[in-house]
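Biologist: I am new to this model and would like a close look at a single part of it. Please pick one good place and walk me through it, along with whatever surrounds it.

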Amino acid sequence: MSGDLNFNKIMGAGLATAFVILIAQQVSGAIYAPKAPEKMGYFVDVPEEAAAGAEEAELPPDWGTLIPVADLAAGEAAFARCVACHTINAGGANGIGPNLNGVVGRAVASHGGFAYSEAMTGHVSVDPTWSLDALDKFITAPARYVAGTKMSFAGLRDTEARVNLIAYLRSQGSPGFAVPAPDPARQPGGAAAGAAPAATEGVAPVEGAPVGPEAAPATGVAGQSPTQAAPAAPAAATSPAPPNA
Ligand code: HEC
């Protein structure tokens, strides 16, 4: 009799244990049930990067064609993105970023009284001065062009806005900065115009281009002709004076 009872106890304990295990499984299943994500897979938003990459592969803007007709008012409006950190007036104070008066053609990381990042001082080996192309690349994507720069500005991807902005920068303290001749291959008339050797006339030395005081009036800034500063060619043609007979 007592043997039966013991048997029942053992069986009961075994059943109870099995029951507890089953319940525990059910409960943990409910707690840890994997939820399917609403969107499967790892979503990577690439279109903008891809577009930027494509843009990079393109030729730089044809400055000789674009600067003379650039919209300086639109450029000044675009500069609104910069004023939080930069002044542009001559002798203007440094802010979060250096004063940008005359920055077109200015030596990189050279403005007095501003503590540039090592990234920017190191960039001098790539671009000794801020050429139009260098500014274009920097403003498009500062951190991509000068990795580690402390200029925390995402970049201005709109090429037209950038061209106007750079033309405006040039008008503020660097109006004498020589613009290359228009690329004949990119004129509406195309290749035929490219045959004219006169097309190279407007290419003035980029650095230290002598700019007389009279050559720099603000009115000349958006002059229609980038070749204005090149009347040197005719002078050269007349110079070989015949020796005395
Ligand atoms: C959030 C602040 C900020 C904004 C906005 C900003 N900059 Fe800057 N910029 C800086 C800083 C800081 C530096 C110095 C970078 C360094 O030392 O790495 C700098 C450097 C520069 C330089 C190099 C100057 C030199 O002397 O070598 C140029 C050119 C420049 N900025 C142009 C612009 C333009 C154009 C815009 C507007 C489209 C702009 N920045 C917007 C903070 C800013």
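Modeller: Happy to! One term comes up throughout: a residue is buried under 20% relative accessible area, exposed over 50%, and partly exposed in between (1.4 Å probe, protein chains only). The model is predicted, and local features need pLDDT of at least 70 and side-chain atom pairs pLDDT 80 or more, while totals for chains, interfaces and linings use all residues. Numbering runs from 1 along each chain as its sequence is written, and side-chain values use heavy atoms, without hydrogens and water.

The part I would pick is helix α6, residues 132–140, where 7 of the 9 residues are buried, so the rest of the structure largely encloses it. Its buried residues are Leu 132, Ala 134, Leu 135, Asp 136, Phe 138, Ile 139 and Thr 140. By comparison, 27% of the 245 residues of the chain count as buried. The chain has 10 helices and 0 strands (DSSP runs numbered from the N terminus, helices being H or I of at least four residues and strands E of at least two).

Asp 136 is a good residue to stop at. Its side chain meets that of Arg 162 in a salt bridge, with N to O at 2.7 Å (the term asks for a side-chain nitrogen of Lys or Arg within 4 Å of a carboxyl oxygen of Asp or Glu). Arg 162 sits in helix α8, 26 residues from Asp 136 in helix α6, and the pair thereby links distant parts of the chain. Both partners are buried. The whole structure holds 2 salt bridges; Asp 183 and Arg 186 also form one, with their closest N and O atoms 3.2 Å apart. There, Asp 183 is partly exposed at 25% relative accessible area, and Arg 186 is partly exposed at 35%.

Helices α6 and α8 meet again in the largest nonpolar core. This core has 32 residues, and Phe 79, Met 120, Trp 130 and Leu 169 have the most contacts inside it (a nonpolar core is a set of buried Ala, Val, Leu, Ile, Met, Phe, Trp, Tyr and Cys residues joined through side-chain atoms within 4.5 Å). Each of α6 and α8 supplies at least two of its residues, and α8 gives the largest share, 7 residues. In soluble globular proteins, nonpolar side chains tend to be buried together.

Trp 130 shows how α6 is joined to its surroundings. Beyond its neighbours within four places in sequence, Trp 130 is in contact with residues including Val 103, Met 120, His 123, Leu 135 and Phe 138 (contact means heavy atoms within 4.5 Å). His 123 lies in the loop between α5 and α6 and is buried, at 5% relative accessibility. Not counting residues up to four places away, His 123 touches Val 108, Trp 130, Tyr 145 and Val 146.

Elsewhere in the chain is the iron atom of the ligand. Its protein donors are His 86 (NE2) and Met 151 (SD), 1.9 to 2.1 Å away (donors are N, O and S atoms within 2.8 Å of the metal, or 3.2 Å for Na, K and Ca; water is not among the atoms, so sites may look incomplete). His 86 is in the loop between α4 and α5, and Met 151, 65 residues apart from it, is in the loop between α7 and α8. His 86 is buried at 11% relative accessible area, whereas Met 151 is partly exposed at 25%.
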